[in-house]
Amino acid sequence: MSGGLAGIAGLAVLPLPWPFEREYMQLALAAGLVIGICAPLIGTFLVQQRLSLMGDGIGHLALAGIAAGLLLEVWPVWSAMVVAAVGALSIEWLRSRRRATSDLALALWFYGGIAGGVVLASRSTGGSGAILPYLFGSILTVDRSEVLLVVLLGLGIVVAVAAFGRTLFAIVIDEESARVAGLPVGAGNALLAVLTAVTVVAAMQVVGVLLVAALMVLPVATSRNLARSFRGTLAGAAGIGAFAVVAGLAAARQWALAPGGSIVLVAAGTFAVVGVVGGRTGTRRTVLVEAPAPGTAPVTGRDPHEDHDHDHPGSGSG
Amino acid sequence: MTAAGATGPAVLAAHGVSFAYGADPAVTAVDLTVTPGEFVALVGPNGSGKSTLLRLLLGLLTPDAGTVELLGHPPRALRERWRVGYVPQRRILDLDVPATVTEVVASGRTARRGWWKPPRPADRAAVEHALDAVAIADLRRRPVGALSGGQQQRVLIARALVAEPTVLVLDEPIAGVDRESQRLFRDSLVHLVEHHDTAVLLVSHELGAVADDLDRVVVLQRRVRFDGPPSELAATGVHLGVHADDLPRWLEDLQA
């Protein structure tokens with residue numbers, strides 16, 4: 001990321017080793033790392049909410065937003081942001097009012113979005129081909145202002161997760177109890193929807209709208225199999241996302257591959273490797289298999305607090 | 001069991017509450033009050049309207065007729081909602097979450113602290129206290145998904161206790177819980193009622209280990225069929241033991 005920031009500040013290209021010695025690779029690395037870290041952060045909450053495909057649905061809507069921007073001749077990032085945010089909020093609204101199941105609501109936008117995108121683009125001056133760069137991303141051609149935008153959006157996502165992560169956690173693990181406790185469940189879900197939209201738009205030029213959801217889900221799926229805590233899942237998912245970006249870009253440079261696809265394939269490969277190795281060496285998945293069925297004796301046999309007499313600190317203080 | 005001052009203002013109250021799903025009445029003209037420091041069980045066979053009444057009392061459903069008050073306020077008007085602790089049915093939750101016991105318990109403190117504020121030392125102390133209260137301090141770093149059913153149940157109770165609520169509402173907390181966890185569960189409820197003046201409303205079709213500690217039992221079958229001390233219910237021949245098998249028979253006789 002420092003390479004990109006240095007570039008933005010007008011400094012010389014950083015002396016990074018291969019494959020990041022060239023300026024365009026440093027800009028790609030900066031934009032990629034921001035997305036590689038931010039997308040799994042948001043994805044961790046979405047996966048727990050069983051909305052793994054949310055990013056994909058929003059991505060298709062963002063495509064319609066880009067096409068609308070091309071047609072109206074406004075900056076496509078803004079039109080994509082508006083359409084994606086409104087779409088994300090409407091999915092959340094449909095879900096929370098039980099007007100449609102989550103997958104049905106997503107399917108509506110999935111197909112409506114891509115159809116709308118193609119139709120709108122066909123009327124724009126560039127024709128349908130104008131939206132192609134956004135389908136698969138164009139990370140190797142991002143310029144400094146685009147990197148700056150991605151960095152700013154990424155900072156917003158990190159700050160939001162740091163500030164509201166605990167509340168979002170309480171909501172995604174048990175929405176009803178959060179509601180009874182008086183937490184702002186509707187506002188929390190709306191925030192998550194908007195953060196998803198921001199992530200999708202930020203990631204548009206890195207991996208493209210068709211692959212953005214992969215970075216929201218694959219590192220999370222891997223990390224969930226390794227981590228014991230939610231905090232660890234968040235950190236692990238962000239780390240795996242960052243690794244996928246670095247390794248994917250290196251592979252793309254070495255063998256002249258499509259960078260967005262390479263990044264996602266590294267993330268998918270990491271999941272497969274962790275799944276195979278984890279299954280052999282005993283990670284969380286095996287722990288679950290060993291856990292006794294509900295209603296049987298505790299794992300430890302004898303509870304360490306058997307003799308606890310409830311005279312604990314604060315007793316009687318109300 | 002009832003603490004001094006138990007006749008104070010009700011912490012939970014339903015006045016003539018009715019609710020129907022479409023044309024099917026679920027509860028009809030229910031009156032129920034729980035006062036501070038009272039330990040009350042709401043029992044009834046499956047389909048008796050217990051869950052509906054619980055959701056009405058918590059403000060998750062709005063009654064068709066009658067009124068509900070939480071700590072003296074209509075549910076939507078109560079600002080300190082965290083004062084009502086809620087332990088949902090374990091079986092309806094997805095506890096295969098990559099989160100430690102401490103993280104899940106601490107999440108119960110978020111509403112009381114203010115959802116935009118980071119945890120302070122008092123919040124961490126409350127988490128420790130809640131872990132101790134249900135004897136799961138040694139499990140604090142374990143993922144909740146790797147615990148037994150009884151241990152998971154205690155995690156959910158600790159999550160409700162961590163906000164130090166005025167009233168604790170538990171939905172079927174005993175179902176599928178091992179005997180040792182039931183005993184620890186009973187001890188922590190009795191401790192709360194006796195030492196913290198917390199009111200407890202237990203909604204269940206079986207009462208297990210807590211049957212002897214109750215102040216009142218409310219038997220529901222769409223309407224309130226009984227509301228009084230367990231001894232009075234026992235005098236009618238109903239024993240609220242492990243599975244409360246007598247209850248459905250008694251209700252049948254009552255209607256005959």
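# Briefing: predicted model of chains A and B

In chain A, confidence bottoms out in helix 13 (residues 284–290), at a mean pLDDT of 37, and peaks in helix 11 (residues 230–255), at 97. Here pLDDT is the predictor's confidence in each residue, from 0 to 100. Helices (H or I, at least four residues) and strands (E, at least two) are DSSP runs, numbered from the N terminus. This is a predicted model in which local features need pLDDT of at least 70 and side-chain atom pairs count only at pLDDT 80 or more, while totals for chains, interfaces and linings use all residues. Residues are numbered from 1 along each chain as its sequence is written, chains are lettered from A and ligands numbered from 1 in the order in which they are written, and side-chain values use heavy atoms, with hydrogens and water left out.

**Confidence**

- Chain A has a mean pLDDT of 83, and 83% of its residues reach 70 or more.
- Over residues 282–318 of chain A, pLDDT stays under 50. The model has 76 contacts for that stretch beyond four places in sequence. A contact means heavy atoms within 4.5 Å.
- Where pLDDT is low, the predicted coordinates should not be read in detail.
- Chain B has a mean pLDDT of 86, with 89% of its residues at 70 or more.
- Within chain B, helix 8 (residues 246–255) has the lowest confidence, at a mean of 66, and helix 2 (residues 101–107) the highest, at 97.
- Residues 2–6 of chain B have pLDDT below 50, and this stretch has 8 contacts in the model beyond near neighbours in sequence.

**Chain A: helices**

- Chain A holds 13 helices and 0 strands.
- Of its 318 residues, 52% are buried. Buried means under 20% relative accessible area, exposed over 50%, and partly exposed in between (1.4 Å probe, protein chains only).
- Contacts in chain A between residues at least 6 apart in sequence reach far along the chain: 73% of them join residues at least 24 apart.
- The chain exposes about 13500 Å², and carbon and sulfur atoms supply 67% of that area. Accessible areas come from the Shrake-Rupley method with a 1.4 Å probe; for residues, only the protein chains shown count as cover.
- Helix 9 (residues 185–203) of chain A has 19 residues. From first C-alpha to last, helix 9 reaches 27 Å, close to the 27 Å expected at 1.5 Å a residue. The expected span is 1.5 Å times one less than the number of residues.
- In helix 9 of chain A, 14 of the 19 residues are buried, so this helix is largely enclosed by the rest of the structure.

**Chain B: six-stranded sheet**

- An open sheet of 6 strands has the order 5-6-7-3-8-9, with mixed pairing. Two strands pair if DSSP finds at least two bridges between them.
- Strand 5 (84–87) and strand 9 (223–228) of chain B are the edge strands, each pairing on one side only.
- On average, neighbouring strands of this sheet are turned by 15° against each other, direction ignored. Axes are lines fitted to C-alpha atoms, for helices over the stretch in contact, and angles run from 0 to 180 degrees between N-to-C directions.
- Strand 6 (residues 167–171) and strand 7 (residues 199–204) of chain B pair in the parallel sense over 5 bridges. B:Leu170 has B:Leu202 in strand 7 as its bridge partner.
- Strands 8 and 9 of chain B run antiparallel and are joined by 5 bridges. B:Val219 stands opposite B:Phe226 in strand 9.
- The hairpin of strands 8 and 9 has 1 residue between the strands, and B:Arg222 takes a positive phi near 70°.
- B:Asp215 sits in the loop between strand 7 and strand 8 of chain B. B:Asp215 counts as buried at 13% relative accessibility. B:Asp215 and B:Phe39 lie 176 residues apart in sequence but 5.2 Å apart in space, C-alpha to C-alpha.

**Chain B: helices across the sheet**

- Helix 1 (residues 50–57) lies across strands 3, 5, 6, 7 and 8 of chain B, at about 150° to strand 7.
- In helix 1, 6 of the 8 residues are buried, so this helix is largely enclosed by the rest of the structure. Among the buried residues are B:Lys50, B:Leu53 and B:Leu57.
- B:Gly59 follows helix 1 and has a positive phi, near 80°.
- Helix 5 (residues 149–161) lies across strand 5 and strand 6 of chain B, at about 170° to strand 5.
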